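The exercises below are meant to be worked with the sequence and the coordinates open side by side. Each task is followed by a solution that proceeds in steps.

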Amino acid sequence: MQIIRSIAELRKARRGLAGTLSLVPTMGALHEGHLTLVREGRARADQVAATIFVNPLQFGAGEDLGRYPRQEEQDLALLEREGCDLVWLPTPEQLYPAGFATTVTVSGVSERWEGAARPGHFAGVATVVAKLLLAAAPDVALFGEKDFQQLAVIRRMATDLGLPVQIIGVPTVRDADGLALSSRNAYLSADERTRALALPRALGEAERRIAAGEPVDGVLAEAKAAVIASGFESVDYLALVDADRLEPLEQPGGAMRLIAAATIGSTRLIDNMAVSSMPQEPR
Ligand SMILES: Nc1ncnc2c1ncn2[C@@H]1O[C@H](COP(=O)(O)OP(=O)(O)OP(=O)(O)O)[C@@H](O)[C@H]1O
Ligand SMILES: CC(C)(CO)[C@@H](O)C(=O)[O-]
Ligand code: BAL
């Protein structure tokens, strides 16, 4: 596995890679979700590369940039074991040179939900992903559905900028009990980890009830109440949206997604689930 630290080295290494390339951008602290993206990337191209970069541009003031988990040595060992061909670890100075003044802003799909809760977040994500894609020039880039709105923003950006890359979304990998894997789960105490299960459970229950034809408003209100009753301090949003533009849906129909963000202790978790669009007989 080639370990690359500068853009110049990356360009040289890229020219030397034979065949097609998959890219898996990450912020490190790797878990099975990331490794699933790497495996999927390997299945879709001749070579697979990953990036590890905790991108300061996508963190707001007062967010967790300083305490975000960093474990480079362990991450490199995991990627090597997974058969990753190349890993690029850029520095903020390389990606954001002095005088940096160009950002990529995606309107519409980035504005609600995470975009509203974390102003500037998606401009930071879109900018860094555009830069990573331009520098590594992959044929395929893979992102997790766990960050469902992020995936929609990146798809929109790649289409609008005409980037010559196929964007692939990979289903959320969960722990055996149902909690979505996330590097931020490392912040949870044992007690919070247990209570955090209320989030996927509430989404699963809401999914079942909406698919069974129950009124959406009532189901969403009860799901939020269940999350709070289980010990989350707050729910930023828990909503039914269309799966492409992430606009709120009052009536079920088409490709739908339940999306949520909630805070437990000092940890903000996000999750989402697909909702079956065929009305089912009440169970
Ligand atoms: N459980 C998961 N299943 C599938 N993909 C995932 C999962 N968790 C993260 N990913 C994907 O891995 C890529 C890198 O994500 P990132 O490094 O931010 O990890 P993370 O676990 O999402 O961290 P965070 O706690 O910051 O949300 C993103 O495309 C993200 O959607
Ligand atoms: C896509 C990404 C690597 C951009 O920094 C990040 O937002 C993430 O890890 O999901
Ligand atoms: N996993 C998404 C990146 C972020 O929360 O900043």
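**Exercise 1. The two domains**

How far apart do the C-alpha centres of domain 1 and domain 2 lie? Describe also the side of domain 1 that touches domain 2.

Solution. The model is a predicted one, and its protein is divided into domain 1, residues 2-170, and domain 2, residues 183-272. Taking the C-alpha centre of each domain, one finds that the two centres lie 26 Å apart. The next step is to list the contacts across the boundary, where 13 residues of domain 1 are in contact with eleven residues of domain 2. On the domain 1 side, the elements that give two or more residues are helix H5 (114-117) and helix H7 (148-160), and the largest share, three residues, comes from H7. Sorted by class, the residues of this side divide into eight nonpolar, three polar and two charged.

**Exercise 2. The largest nonpolar core**

Which residues of the largest nonpolar core touch the most other members, and where does this core lie with respect to the domains?

Solution. The core holds 67 residues, and those that touch the most other members are Ala49, Val87, Val153, Leu199, Leu240 and Ala260. By element, helix H6 gives the most to this core, with eight residues. Because domain 1 and domain 2 both give residues to the core, it lies between them. To look at one member in detail, take Val153 and leave aside its neighbours within four places in sequence; Val153 is then in contact with Val106, Val109, Ser110, Phe122, Val125 and Ala126.

**Exercise 3. Helix H9**

Why does the distance between the end C-alpha atoms of helix H9 agree with its 14 residues, and which elements do its buried residues pack against?

Solution. Helix H9 covers residues 198-211, and at 1.5 Å a residue its 14 residues should span 20 Å; the end C-alpha atoms are 20 Å apart, so the two values agree. The buried residues of H9 include Leu199, Leu203 and Ile210, and also Glu207 and Arg209. The buried residues of H9 pack against helices H8 and H10 and against strands S7, S8 and S9. Just after H9, Gly213 takes a positive phi of about 100 degrees.

**Exercise 4. The shell around ligand 2**

Which element gives the largest share of the shell around ligand 2?

Solution. The residues around ligand 2 include Met27, Asn55, Val125, Asp147 and Gln150. Strand S2 (21-26) and helix H6 (121-136) are the elements that give two or more residues to this shell, and the largest share, three residues, comes from H6. By class, the shell has five nonpolar, four polar and one charged residues.

Definitions and conventions: Residues numbered from 1 in each chain as written. Chains lettered and ligands numbered in written order. Predicted model: local features only at pLDDT ≥ 70, side-chain atom pairs only at ≥ 80, totals over all residues. Helix = DSSP H or I, 4+ residues; strand = E, 2+ residues; numbered from the N terminus. Expected span 1.5 Å × (residues − 1). Buried ≥ 20, exposed ≤ 12 C-beta atoms within 10 Å, placed from the backbone. Contact = placed C-beta atoms within 7 Å. Near = placed C-beta within 6 Å. Nonpolar A, V, L, I, M, F, W, Y, C, P; charged D, E, K, R; others polar. Core = buried A, V, L, I, M, F, W, Y, C linked by C-beta atoms within 7 Å. Domains from an automatic or database assignment.
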